[in-house]
Structures are given as structure tokens and as C-alpha cells.
Amino acid sequence: MLLQRLSLCSRLSVGPKSLRTSTRSVSQGKMPLARAHGKSFAHRSELRQAKRIVVKLGSAVVTRGDECGLALGRLASIVEQVAMLQNQGREMMIVTSGAVAFGKQRLRHEILLSQSVRQALHSGQNQLKDMSLPVLEARACAAAGQSGLMALYEAMFTQYSTCTAQILVTNLDFHDDQKRRNLNSTLHELLRMNIVPIINTNDAVVPPPEPNSDLQGVISIKDNDSLAARLAVEMRADLLIALSDVEGLYDSPPGTDDAKLLDTFYPGDQQSITYGTKSRVGIGGMEAKVKAALWALQGGTSVVIANGTHPKVTGHVITDIVEGKKVGTFFSEVKPAGPTVEQQTDMARTAGRTLASLLPEQRSEIIYTMADLLTEKKEEILSANKKDMELAINSGRMPPSMLKRLSLSTSKLNSLAIGLRQIAVSSQDSVGRVLRRTRVANNLELEQITVPIGVLLVIFESRPDCLPQVSALAIASGNALLLKGGKEAANTNRILHELAQEALSVHNIKDAIQLVSTREEVEDLCRLEKMIDLIIPRGSSQLVRDIQRAAKGIPVLGHSEGICHVYVDHEASIDKVIKIVRDSKCDYPAACNAMETLLVHRDVLRTPLFDQIIDMLRTEQVKIHAGPRFASYLTFSPSEVKSLRTEYGDLECCIEVVDSMQEAVDHIHKYGSSHTDVIVTENEETAEQFLQLVDSACVFWNASSRFADGYRFGLGAEVGISTARIHARGPVGLEGLLTTKWVLRGDGHTAADFSEQGSMKFLHENLPVAQPLTGQRTSN
């Protein structure tokens with residue numbers, strides 16, 4: 001095996017240039033371009049450009065919980081990620097702990113074996129007495145474990161056709177100029193040959209760390225944190241990833257009350273941090289990590305401190321960091337001008353609680369003010385929208401359907417203002433409404449009342465008119481709101497958000513609605529499960545699916561697809577069919593409530609009704625795709641549909657044939673998305689059966705699918721259409737943004753009063769529902 005390994009390494013060393021070319025060609029990712037060193041990355045998203053990366057593995061990452069032996073599963077997943085990044089053309093280096101733990105395991109085994117042999121020879125029998133282990137000296141453990149640790153790395157990297165090389169260093173190697181030059185030269189040569197250097201302090205000979213021994217401007221090698229920082233700066237690495245057993249840097253010791261994980265840490269913030277104890281193993285601690293990270297940052301290397309021990313994330317923590325995902329704590333020298341998204345969420349929640357405590361007429365006043373501002377400042381809004389439209393058109397990347405959504409007009413703003421005023425009226429009895437009142441016992445009354453959900457995150461793309469609608473609904477329901485719009489509508493969104501905050505300022509709560517304008521990725525926002533209560537995506541089906549996958553800890557209200565059906569029964573009216581099919585498909589083909597599949601009863605084929613349907617669709621320039629059964633009826637059929645579960649979002653639709661209403665229902669259940677489905681028939685019994693059987697959010701009889709809309713339902717506006725089974729379904733307006741809480745008013749009652757020995761009995765008498773006089777008592 002060793003000879004094979006040496007042979008492999010020798011072959012790789014002969015032609016490093018060809019090797020690097022071959023490894024990049026099989027890589028799924030693009031190799032980052034080399035950049036001028038000297039300045040660290042300002043934002044996480046730029047970490048994708050990192051070419052030379054140092055990965056530091058802390059003792060807690062590579063060792064088992066008993067501190068004797070290595071955590072092989074974690075180590076294997078880390079090796080896999082490093083090898084993958086290496087094969088993408090990056091230059092990877094590892095600074096590792098673990099020699100002491102590996103040696104401790106080995107020496108313990110040898111000592112136990114030796115003791116058992118001596119005891120067996122001495123006693124002449126197999127029964128052994130309890131054996132105590134001596135305290136093992138760390139340097140001896142390191143000497144015994146170093147070779148085994150390296151052999152393990154070598155065996156693991158071999159699985160990915162990646163060569164490794166071991167380098168042991170001490171503090172003196174960095175203070176001696178000649179040794180430092182030799183080390184630098186060796187590392188560069190190894191990287192040139194596409195070999196992963198594995199570096200560790202030579203713990204067999206290293207002296208104990210001396211406090212405050214740093215030279216001016218140079219960090220002393222006290223532990224692997226300082227070694228990794230020094231090495232990263234010496235080698236001009238783009239990124240240092242320091243893996244430990246904590247999620248990152250907290251503002252106070254993890255586990256304490258109010259401890260918050262810092263997404264980004266800036267030089268100068270040290271005074272606001274309270275450090276806890278060091279990790280269970282190793283000689284460093286978080287304070288040492290921060291000091292090393294800041295020193296590396298000053299030297300031009302970006303740093304991320306993250307958890308390398310969590311079983312759910314270890315398998316992708318390194319690659320997630322390199323992809324710019326929000327993992328651990330990112331050290332940056334560039335402090336943003338505005339608040340972070342976490343700070344924005346905190347501000348919104350605090351102001352949102354004040355919003356919920358306002359009187360209903362005060363919330364209405366805010367919405368009326370926002371409606372007035374839409375018309376008063378329409379010129380400014382349209383001017384900003386014009387800039388967005390010009391940028392979108394010039395880019396040439398936005399399809400016509402999205403351009404239509406992006407565009408605003410005077411009539412659109414007027415319609416928005418009307419919708420907002422409707423919301424203002426309906427908000428009068430929303431928050432604090434008593435749904436149920438029960439007299440549990442004498443002088444013990446229970447109420448169930450409506451309250452806001454909390455903090456909403458609404459993510460929308462290329463539809464700026466969504467911003468005032470959702471803002472008004474959030475205000476009416478007393479919810480705080482976080483908005484993340486598409487960059488294509490940045491100018492329009494900014495001015496509309498300013499108008500919303502101006503309206504909120506009437507009652508000094510402008511922070512209740514926040515517009516996220518930082519470089520936050522949608523996936524990162526979906527991980528704020530402790531700060532956000534509900535996510536509402538407004539956009540393409542792909543956007544909704546991506547958010548549903550990413551938001552594992554936060555409920556998502558929405559639908560991923562709008563595969564809507566119109567079923568034409570054999571007893572349908574010709575005039576109604578033509579009107580409904582035309583409106584359902586052609587009014588706004590990109591809408592989620594547009595018809596995608598036309599189901600036709602078999603008896604309608606080869607009738608004047610069917611001919612008129614086809615003629616109308618052709619006149620409207622709708623491209624027709626034939627379902628399998630429909631295609632079988634035709635000699636020359638349109639292109640056969642690839643999938644009956646297709647949302648076209650354009651002037652295209654599928655036509656399929658069914659034998660009965662029940663077969664149409666079965667087709668809808670099999671291929672639909674539970675959004676909106678329609679029957680066109682004059683037979684009332686057939687229609688009622690369809691309405692009862694179809695399990696969709698909206699089911700219509702002799703009406704266009706385009707009616708599935710909050711405005712048309714009289715909700716004033718909607719935050720989206722939900723196909724979920726719980727909380728809210730169909731067009732979601734004001735009611736869908738409320739939840740409930742229980743309020744119990746007693747007079748010194750205890751549970752013991754109602755026990756067998758107690759003096760009270762339950763009444764559970766339903767009382768008339770009366771509305772509260774004010775909104776104050778229903779604050780969330």
C-alpha cells in the first residue's frame with residue numbers, strides 16, 4: 001500500500017500542470033481567479049472567490065468526546081470537502097490538532113497490554129486485578145500519535161486521488177528568517193504540485209506557551225489558532241476557516257441568557273464581547289481564536305469561525321462557508337452603514353409590539369395615510385420605476401411577463417390606493433376580536449382573541465406593487481414586517497418603503513416595517529428561525545420551492561405551483577365556456593391563477609363547441625399541447641405534452657380528454673397543485689358534486705380561475721395564495737395574518753379548587769361574544 005502511495009505521489013509530482021488541468025476539468029465548480037493579496041473580503045458573498053484556503057481543525061473537532069482517539073466520521077467528511085475544493089482548482093492547506101489524542105489512545109492501549117501481561121505472569125492466572133493508568137505526558141503522546149495521525153489523513157485523501165504532505169513547525173521556525181523562508185518555499189512548492197500540506201505544531205518538542213510573548217506586529221505560535229493565522233498571512237491565503245465546537249463567536253458565553261451568535265464581527269468590537277471558558281480540549285479558547293482571527297484579518301486574510309462538530313452540518317460546513325452561506329462568524333474590516341438584518345428584525349419586532357397595541361382606528365389612520373401618499377407622490381414613484389424598467393430592458397435578461405410585473409402606472413397606483421383604503425376599513429375589528437367566550441366557573445371567564453403572528457418575512461421578485469399591499473396588511477393585522485425585494489425593482493422598492501415608514505411615523509413606529517437591502521441571500525434569511533415567525537414568498541414557483549426547502553424551522557405560507565384546470569362538461573353553455581376559458585388563460589397568462597390545463601368531456605369533441613374553443617385559442621395565439629388521450633383522437637395532433645404537471649406561465653396550455661366528471665376530478669387530484677380548479681356546466685347536480693369532491697384551495701362553478709384573488713374576493717389585497725392544509729388556504733388577506741391566544745380572568749382560582757376534594761365545579765357555559773373596548777389589552 002505504501003509503495004502504491006509513493007508511486008501515485010511520484011506520478012503526480014512529475015507533471016503538476018497537467019494534473020491541475022485534469023482535476024479542474026472534472027470539477028463541477030469554477031476555479032476562482034487569483035486575486036491581489038493585501039485586502040480581505042468585505043462580504044460573505046465574495047468568499048466564492050477564495051483560491052488559497054487554510055482550514056484549521058481544533059482539538060474538539062478531531063477528537064472524540066472521551067478525548068482519547070479521533071472522531072473518524074467527522075474527519076472523513078472534512079477530508080471529503082477539502083478534497084472537493086482542491087479538485088476545483090483551489091489551493092487547500094490544513095492546520096490540524098489530534099496528535100496528542102491519537103497518541104494517548106495508542107499509549108493507553110500499550111500500557112494496559114503491558115500491565116496485563118506482567119500481572120498475568122506474576123499471578124499465574126487469567127483473573128486480573130483493577131489496573132490504574134498513569135498520567136500520560138502530552139509531549140510523549142504527541143510523539144506517539146503524530147505518525148498515526150498523518151497515516152490516517154493519507155489514507156483518507158487517497159480515496160479522492162489527492163496527495164498530502166506533513167509539516168511540523170515550532171514558534172522558532174517563524175522567528176528565524178532562514179527557516180521561515182524555507183518553510184514558505186516548501187509550502188509553495190507543495191501547492192504548485194497540487195498537494196495538500198497538513199501542518200501541526202511539533203508538540204513533542206514545543207515548549208509551554210508563554211503569556212504575552214507576541215512580538216510587535218507578529219503573533220506568537222502558542223496554539224493551532226495562532227499557527228493557522230500566522231501561516232495564512234505568511235502564505236497570503238484568501239481565507240482562513242477555523243473549526244471548533246461552538247457555532248461561532250457570541251457576544252457573551254454560549255449557554256448564558258441572551259447570548260447572541262454574531263454573524264459578522266468587526267475590529268473594534270472586542271470591548272462588547274464577554275468570553276467564556278476555553279474548549280474541553282486543546283490549549284486555546286475563543287479569546288485566542290478572536291485574537292488570531294483579527295491578526296490574520298489585519299494581514300489581509302478573511303476569517304470564518306464555525307462549528308465543525310455538529311452532526312447535521314459537519315458534512316458541508318466548509319463548502320457552505322466557501323459558497324458564502326451564513327455559517328459561523330465572518331470577520332470583516334468593512335462595517336456596513338446601516339443595521340444588520342438581525343438588528344432590523346429586532347427593531348421590527350419591538351416596533352411591531354407597539355403597533356399591535358394601538359387602537360384599531362390608529363392602525364387605520366396609518367393605512368389611510370399610506371394610501372394618500374401613493375397618489376400624492378406618484379411622480380416620484382413612477383420616476384423611480386422608470387429607472388428600474390430602463391435597467392431591466394437594457395440588461396435583456398428579463399422576460400416580458402416579468403417586465404409587465406415590474407412596471408407601474410398611474411392607474412396601477414390608483415388601484416393600489418383604493419385597495420389600501422379597503423384594508424383600512426376592514427382593519428377596524430381585526431386585532432383583539434373575541435372569537436369565543438366561556439364561563440369556566442363562577443368568576444372565571446376564558447376568552448379566545450385574535451392577535452398578530454409576530455414578524456413576517458415577505459420575499460418578492462419584480463413586483464413592487466406587492467410592497468404597499470403587504471405593508472398595509474401587516475399594519476392592519478399588527479404584524480412587524482421584513483421585506484426582501486428583487487434587485488430589479490430596487491429603486492421603486494426603496495421609495496415605496498420610505499412612504500410606508502413615513503405613514504408609520506404618524507405614531508412613531510416607522511421601524512415596524514424594514515426593507516432588507518444588504519447582500520443577504522434568501523437562504524440565509526430563511527435560517528433566522530428564532531427571529532422570524534412566518535415566511536411569505538411572492539414570485540416564481542422556483543422561488544417558492546427554494547424557500548420551502550431552505551426554511552426548515554419557519555412556516556412558509558404559499559404555493560409552489562399554480563397548475564389550474566378548467567373542466568368543460570358535456571352540458572356546458574357555449575357562451576360561458578368561451579368567456580371563461582379565454583379569461584382564465586389569456587387575461588394574465590403569467591399569473592398563478594391562470595388556466596394551464598383544459599379538460600374536455602369526451603362528448604364535446606367533434607362538436608361546434610370544441611371547434612369554437614380551438615378557434616378562440618388560436619386567435620389569442622395560445623400554443624396548444626395535446627395530452628396523451630387527446631392526441632390519440634387526432635390524426636395530426638399538436639405537440640404532445642411532456643408532462644401533465646406543467647405550469648406554463650405563458651400563452652400555452654394543455655388539452656386533455658376525460659370520460660366523466662369523476663375522471664376530471666381524479667385527473668385534477670393526480671396532476672394539479674391544489675390551487676384553483678373550475679367546472680363549466682349547466683347541470684347543477686354535477687357542479688355541486690365537483691365543488692364537493694375537488695380538494696383544492698379554490699373550486700369554482702361557471703367562473704374564471706382568475707377570480708382566485710384577494711382583491712376580487714373583497715379582501716382588499718392579499719399576501720399570497722396558500723395551498724397549505726393548515727392556518728390559511730386560498731387567497732390570504734388580513735384574517736390569514738392573525739393567530740389567537742387564550743385569556744383567562746379569574747379571582748384567585750387554583751387547579752386544586754376543581755379537584756375531587758375541591759369546592760368548585762366546572763360550568764363551561766358559552767357566553768355572548770362582545771368586542772373589547774380598546775386594542776391595548778390584546779397586545780401580543
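**Strand 11 and the sheet around it**

Six of the six residues of strand 11 are buried, so this strand is largely enclosed by the rest of the structure; buried here means under 20% relative accessible area, with exposed over 50% and partly exposed in between (1.4 Å probe, protein chains only). Strands (E, at least two residues) and helices (H or I, at least four) are DSSP runs, numbered from the N terminus. The model is a predicted one, in which local features need pLDDT of at least 70 and side-chain atom pairs count only at pLDDT 80 or more, while totals for chains, interfaces and linings use all residues. Residues are numbered from 1 along each chain as its sequence is written, and side-chain values use heavy atoms, with hydrogens and water left out.

In a regular strand, side chains alternate between the two faces of the sheet. In strand 11, Val455, Leu457 and Ile459 point one way, Leu456, Val458 and Phe460 point the other way, and all of them are buried.

Strand 11 belongs to an open sheet of four strands, in the order 13-12-11-14, with parallel pairing; two strands pair if DSSP finds at least two bridges between them. Strand 13 (513–515) and strand 14 (534–538) sit at the edges, each pairing on one side only. From one strand to the next, the twist averages 20°.

Now for the neighbours of strand 11. Strand 11 (residues 455–460) runs parallel to strand 12 (residues 480–485), and six bridges join the two. Val455 stands opposite Ala480, and Ile459 has Lys484 as its bridge partner. Strand 14 also runs parallel to strand 11, joined to it by five bridges; here Leu456 is partnered with Leu534.

Helices come into the picture too. Helix 17 (residues 466–476) makes a right-handed β-α-β unit with strands 11 and 12; right-handed means that, with the strands pointing away from the viewer, the path from the first strand over the helix to the second runs clockwise. Helix 12 (residues 341–357) packs on the sheet and touches strands 11, 12 and 13, its direction making about 145° with that of strand 12. Contact means heavy atoms within 4.5 Å, and angles run from 0 to 180 degrees between N-to-C directions, with axes fitted to C-alpha atoms, for helices over the stretch in contact. Helix 18 (residues 490–504) lies across strands 11, 12 and 13, running at about 160° to strand 13.

As for the whole protein, there are 25 helices and 24 strands, and buried residues make up 51% of the 780 residues.
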